[in-house]
Amino acid sequence: MNPRSPISKLATHEVSNTPPHRGDQNLWTEDRALKEWLDCFGGSMHRAHLAQVGMLAGLDATFEKANLANAHVPELRAFDRYGMRINSIEFHPAYHDLMQLAVSSQLHNFAWHHEGNFGHLGQGALTYMFSQPEGGVLCPMAMTYAAVPTLRMSAQIADEWMPRILANEYDRRDIPVDEKSSALLGMFMTEKQGGSDVRANTTSAVALEARSGEGAPYLLTGHKFFCSAPMGDAFLVLARTEGQEVSCFLVPRWRPDGQRNNLAIQRLKNKLGNRSNASAEIEFHETYGVMVGEEAKGIRTIIEMVNGNRIYCAMSSAGMMRQALAQALHHTRHRSAFGRPLIAQPLMQNVLADMAIEAEAALALGLRVAAAMDQPGDPHEVAMARLGTAVAKYWNTRRCPYLIFEAMECHGGPGYIEDSILPRLYREAPVNSIWEGSGNVIGLDVLRTISREPGGIASFFDEIEKARGADSRLDRAIDELKNTITSSEGLESRMRTVTEMMALTLQGSLLVRHADPVVAHTFLESRLNQRYRGAFGCLPGGTDLEAIIQRALPA
C-alpha cells in the first residue's frame, strides 16, 4: 500500500471501489495534445522549459498550496498597529510560495524574453499548464505580461520598468520599487457607473507641473470599483484630463519621493472564485501617476494590454478544461458500477471522448492565436492575432464552465464536495468570461473589426480556407459563415452566433490540417452538424470513442 494512502479498513467497513490518490501529475509529459500542438505551431525550442514547469506545477504539493491559498483568503490591513494608513493586504504563505514558483517560471514575462522566437506561444503553453493547479495567482502574471506593449508606447517609462518586469525573482516586499529586485503590474479600469463602458469613467487627472502630455506627472482623483492584484508595484489606469478626454496613466504604489502613494483600499471583494487573489475597491485622492502614450488616446493606449489579457483568458480556460478532463479520466478508470469500470461503459465513453475533443480544440485555438502574436511583421498573422484573440477568448471561456460541470457529474457526489478540485475549478471558470469583456462586449468587438478592418475578416477566411476541400461539412460551415456576415441586416443582434461560428470553423480548419484524424473527423461530425446543441455525450454512432480517450489519457 502507498504509505500516503488512507487506511482502507475502518471499524464498520472496508473502503473499496474508490480511486487512488491522484498524486503528482506532470502537466507536460502527460499531455500528448499539448506537446503536438506546440510543435505544430513552431514552439519546439521551448520544450525543456515547459517540461520543467509542467513537472513543478503538477506536483501534489503545488495543488495542496493552491488549496490552502484559496481556503485562507487575503485579508485587508488598511492600517498598521499605530493607526498609520498602509493599504496592505496579507496573504497566506502558500500564496507567496505559488507566486515565487510562477515568477521563477517566467509566467509573467516569458514572451518578452523570447521575442521573435515564439515567445507568446510559449507564454500560452505556460498559462495553460499553471492554470490547472491555480488560477488566482495568474492574475498578476497575466497583467504584467500584457502591460508591456502599453509601457513601450513611452520610451522613458519602458526603460525604467522593463528591467524590473524581466526579472525572475519574486519580491513580495511593500517598499519603493527602486529598492526591489523585480516588479509586477496591474490594471485598474472599471468604475461603478460604467463597467465595460470605460468612456463613462469619471476619474480625473490634473497635471502636476506646467508641462502635460506623455511622460508628465499628474494627480488622479476618483474611485476604481474592481482592482485585482492591488499589491502590485504599479497599475495602468484610465482617467480624464482637464480636456475631459480619457488618457492612460501609470500609477505606482510608492511615489518617486519614497512616500506611499494615495491608493486607499476601501474593501476587498468577496468573490465567487479567484479567491486566492485579492480584488479591491480603491479610492484615488490626488494620487500620483505618469501619463503613458498620447493624451486623449487612453483607450487606444491600453487596448494592447486588454488583448494580452484576453489570450490569457483563452489559454487559462483551455488549461482548466484539461485538468477537469484529467480528473474525470482518473476517476472513471478506477471506479466501477454495474460490474464494469465507468470508463469502459459506452455512454460514459461518449461523454469522456466528447470532453476530450472540446479540450483539445480549445488548446489548438488558443495556441494558434498565440503563435500569430509572435509574427508582428506578417499582415496575415497580425490580423489573425487581432480577430482570433477575441474569438478564442469568447468561445473557450464559454465552453469551460460547462465542461467542468460535466467532469463534476462524471464523479457524482465526490466531485461536488470541496475535497475535490472540481468545485474550485468550477468557481474559477466564469472569471475568464467576465474579465476583459463579457460575451456581448467581445461580440461587438468582433463586429467592429469586421466592419472597420476588411483585411481582418479577409485574413480570417484565408486561414480557414486552407482546409477547403478536405471535408464537405467544413466547407458548408465556411460558406454559411460567409453568408451570415455578408447579410448585414440585424448583424449586431446575432454577433454571439457569428463569433461562435467563427470559433468552430477555425477549430475545424486547424484540426483537419494538423490533428489526429479521428479527433478531427469526430469534431466535424459533431460540432459542424446541424443538430449540434453543445451538450456533451452526444457524439454520433460509429465514433471511435476508445481511440479518442486513449489519446487524452495521461501518457
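The legends below describe close-up views of a predicted model.

**View 1. Aromatic pair Y218 and F249 in the predicted model.**
The ring centres of Y218 and F249 lie 5.1 Å apart, and the ring planes meet at 65°, so the arrangement is edge-to-face. Parts of the chain that are distant in sequence are linked here, since Y218 belongs to strand β5 (residues 217-228) and F249 to strand β7 (residues 246-252), 31 residues apart. Y218 has a relative accessibility of 2% and counts as buried. F249 is likewise buried, with a relative accessible area of 0%. The structure holds nine aromatic pairs.

**View 2. Aromatic pair Y402 and F405 in helix α11.**
Y402 and F405 are three residues apart within helix α11 (residues 379-411), a spacing of about one turn of the helix. Their ring centres are separated by 5.9 Å and their planes by 15°, so the pair is stacked. Y402 is partly exposed at 28% relative accessibility, and F405 is partly exposed with a relative accessible area of 31%. Together with F536, Y402 and F405 make up one aromatic cluster.

**View 3. Lysine residues over the faces of F225 and F461.**
K269 is placed over the face of F225, at a distance of 3.4 Å from the ring centre. K482 lies over the face of F461, at 5.4 Å from the ring centre.

**View 4. Surroundings of W37 in the largest nonpolar core.**
The largest nonpolar core comprises 175 residues, among which W37 and M502 touch the most other members. Helix α10 (residues 346-373) contributes the largest share of this core, with 18 residues. When neighbours within four places in sequence are set aside, W37 is in contact with E360, L363, A364, L367, L510, L511, H514, A515 and R551. In soluble globular proteins, nonpolar side chains tend to be buried together.

**View 5. Helix α10 within the structure.**
Helix α10 consists of 28 residues, and its first and last C-alpha atoms are 41 Å apart, close to the 40 Å expected at 1.5 Å a residue. Of these 28 residues, 25 are buried, so the helix is largely enclosed by the rest of the structure.

**View 6. Salt bridge between R368 and E381.**
The closest N and O atoms of R368 and E381 are 2.9 Å apart in this salt bridge. The pair joins distant parts of the chain, with R368 in helix α10 and E381 in helix α11, 13 residues apart. R368 is buried, with a relative accessible area of 6%. E381, at 7% relative accessibility, also counts as buried. The structure holds 37 salt bridges.

**View 7. Salt bridge between R427 and E418.**
The side chains of R427 and E418 meet at an N to O distance of 2.8 Å. R427 counts as partly exposed, at 25% relative accessibility. E418 has a relative accessibility of 52% and therefore counts as exposed, the cut-off for that class being over 50%.

**View 8. Salt bridge between R468 and D479.**
In this salt bridge the side chains of R468 and D479 meet at 2.9 Å, N to O. R468 is in the loop between α14 (454-464) and α15 (472-486), whereas D479 is in helix α15, so the pair ties together parts 11 residues apart in sequence. R468 is partly exposed, with a relative accessible area of 34%. D479 is partly exposed as well, with a relative accessible area of 32%.

**View 9. Network of salt bridges around R310, R386, D445, R448 and E453.**
Salt bridges link R310, R386, D445, R448 and E453 in a network.

**View 10. Helix α15 and the elements that cover its buried residues.**
The 15 residues of α15 should span 21 Å at 1.5 Å a residue, and the end C-alpha atoms are 21 Å apart, in agreement with that value. The buried residues of this helix are R473, L474, D475, A477, I478, L481, T484 and I485. Their cover includes α13 (439-452), α14, α16 (495-514) and α17 (517-527). D479, the α15 partner in the salt bridge with R468, is partly exposed.

Terms used
Residues numbered from 1 in each chain as written. Predicted model: local features only at pLDDT ≥ 70, side-chain atom pairs only at ≥ 80, totals over all residues. Heavy atoms only, no water. Phe/Tyr/Trp six-rings, centres within 6.5 Å; stacked < 30°, edge-to-face > 60°. Helix = DSSP H or I, 4+ residues; strand = E, 2+ residues; numbered from the N terminus. Buried < 20%, exposed > 50% of the residue type's maximum accessible area, 1.4 Å probe, protein only. Lys NZ or Arg CZ within 6 Å of the ring centre and 35° of its normal. Core = buried A, V, L, I, M, F, W, Y, C linked by side-chain atoms within 4.5 Å. Contact = heavy atoms within 4.5 Å. Salt bridge = Lys/Arg side-chain N within 4 Å of Asp/Glu carboxyl O. Expected span 1.5 Å × (residues − 1).
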